[in-house]
Amino acid sequence: MPPTPGPQDGPAVALDDVHKRYGRIQAVDGVSLTVPRGEFFGLLGPNGAGKTTLVEIMEGQRQADSGTVSVLGHSPWPRNPALLPQIGVQTQSSAFFVRLTAREHLRTMAALYRTDREAAERALASVGLTEQGDIRVDDLSGGQRQRLAIASALVHRPELIFLDEPTAALDPQARRALWQVLRDLKGEGRTIIYTTHHLDEAQALCDRVAILVDGRIAALDSPGRLIAQGSPTTRLVVPADRLTLEAARAIQGVDHATLDGDTIVLETMDAGHVLAAVDAIAGLQGVQTRTASLEDVYLELTGAAEPKP
Ligand code: ATP
């Protein structure tokens with residue numbers, strides 16, 4: 001007889017028609033989505049779109065007003081002690097044992113989760129903090145503390161990991177190093193749900209993203225499919241000392257031309273033709289071509305939405 005399906009067989013997260021209101025503000029307005037296990041899922045959206053509220057509902061830190069929420073087959077609200085060891089949470093305001101060193105902090109976290117001491121060392125190494133292990137948490141730089149917050153979310157090897165803008169304060173090298181950490185976690189089969197305002201990062205890392213606007217999902221798909229469904233516009237960037245705006249606008253196939261600093265940006269749906277015309281007028285040295293990115297899709301969907309305080 002086939003085994004009876006249990007909580008371990010369903011999706012990592014399933015939300016159905018979830019609502020949450022704060023007074024007059026409808027922060028989450030009917031969100032339904034399913035995140036399969038092992039997926040790297042990005043939640044994008046302008047300030048105030050409802051991302052944090054939605055993630056806190058999934059983490060069991062807030063109660064939804066209505067709708068159903070299932071996390072690893074369980075309801076996260078009321079706080080579910082069986083669920084806590086299976087999820088890891090990094091927030092912008094993660095709490096630390098500030099008088100301990102980074103290593104002691106992680107060992108304490110590991111002990112709380114009844115995990116071995118090696119787990120602390122592994123977590124420290126995974127975020128590149130081994131050398132800073134003996135520095136007091138208080139004395140770590142902002143970026144190092146952020147990496148420690150991520151290590152704290154990973155120390156008990158949870159199946160589902162929530163990361164809230166994990167690379168916000170990181171320098172470019174640390175950011176790229178963390179991308180690898182996140183890819184490795186995904187490689188181990190873990191599910192990652194993360195919010196970010198770095199759209200290049202979401203495009204590089206996520207299997208799928210949801211773009212939230214005013215508490216609703218405005219788009220949900222893989223970055224590649226969202227880009228393919230978006231505008232087919234290509235931008236050509238030409239040094240402004242080689243082409244005038246008038247000449248640019250006169251090229252057949254140019255839909256829009258603007259001066260941006262010391263470059264002229266041409267928008268076209270007929271890149272081949274326009275590129276040949278630019279070559280004939282100004283040559284192609286220093287000319288850059290930009291095809292659509294997730295950022296273009298995002299700006300198209302969120303451009304009309306006013307950021308909320
Ligand atoms: P950001 O990108 O700025 O972090 P967000 O997408 O995470 O934004 P939320 O923090 O979920 O957005 O906020 C959604 C809306 O709900 C905002 O208008 C916010 O002001 C409001 N809000 C959030 N938490 C509360 C609260 N505890 N009480 C009242 N209003 C709240």
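Which residue stands opposite Phe162 in β6? To find out, open this predicted model and select strand β6, residues 160–164, together with strand β5, residues 87–90. The residue opposite Phe162 is Val89, and the two strands β5 and β6 pair in the parallel sense over four bridges.

Stay with β6 for a moment and show its side chains. Leu160, Phe162 and Asp164 point one way from the strand, while Ile161 and Leu163 point the other way. In a regular strand the side chains alternate between the two faces of the sheet. Five of the five residues of β6 are buried, so whichever of the two directions you follow from this strand, the side chains you meet belong to residues under 20% relative accessible area.

Next, add strand β7, residues 191–195, which pairs with β6 in the parallel sense over five bridges. Within that pairing, Leu160 has Thr191 of β7 as its bridge partner. To trace how the chain travels from β6 to β7, select helix α5, residues 172–187, through which it crosses, and note that this β-α-β crossover is right-handed.

Now move to helix α1, residues 51–59, which is mostly covered, with eight of its nine residues buried. Among the buried residues are Leu54, Val55, Ile57 and Met58, and the list also includes Lys51, Glu56 and Glu59. Just after the helix comes Gly60, whose phi is positive, near 85°.

The last part of the tour concerns charged side chains. Side chains of opposite charge can pair when their charged atoms come close. The model has 17 salt bridges by the rule used here, and a good place to begin is Glu39 with Arg208, whose closest N and O atoms are 2.9 Å apart. Glu39 lies in the loop between β2 and β3 and Arg208 in strand β8, so the pair ties together parts that are 169 residues apart in sequence. Glu39 is buried, at a relative accessible area of 10%, and Arg208 is buried as well, at 18%.

Then select Arg136 and Asp138, which meet in a salt bridge at 3.2 Å, N to O. Here Arg136 is partly exposed, at 34% relative accessible area, and Asp138 is also partly exposed, at 36%.

A further stop is the salt bridge between Asp296 and Arg290, at 3.6 Å, N to O, where Asp296 is buried at 15% but Arg290 is partly exposed at 36%. Finally, select Arg103, Arg107, Glu121 and Asp134 together, since these residues are joined into one network by salt bridges that share partners.

Note on methods
Residues are numbered from 1 along each chain as its sequence is written. This is a predicted model: local features need pLDDT of at least 70, side-chain atom pairs count only at pLDDT 80 or more; totals for chains, interfaces and linings use all residues. Side-chain values use heavy atoms; hydrogens and water are left out. A salt bridge is a side-chain nitrogen of Lys or Arg within 4 Å of a carboxyl oxygen of Asp or Glu. Buried means under 20% relative accessible area, exposed over 50%, partly exposed in between (1.4 Å probe, protein chains only). Two strands pair if DSSP finds at least two bridges between them. A crossover is right-handed if, with the strands pointing away from the viewer, the path from the first strand over the helix to the second runs clockwise.
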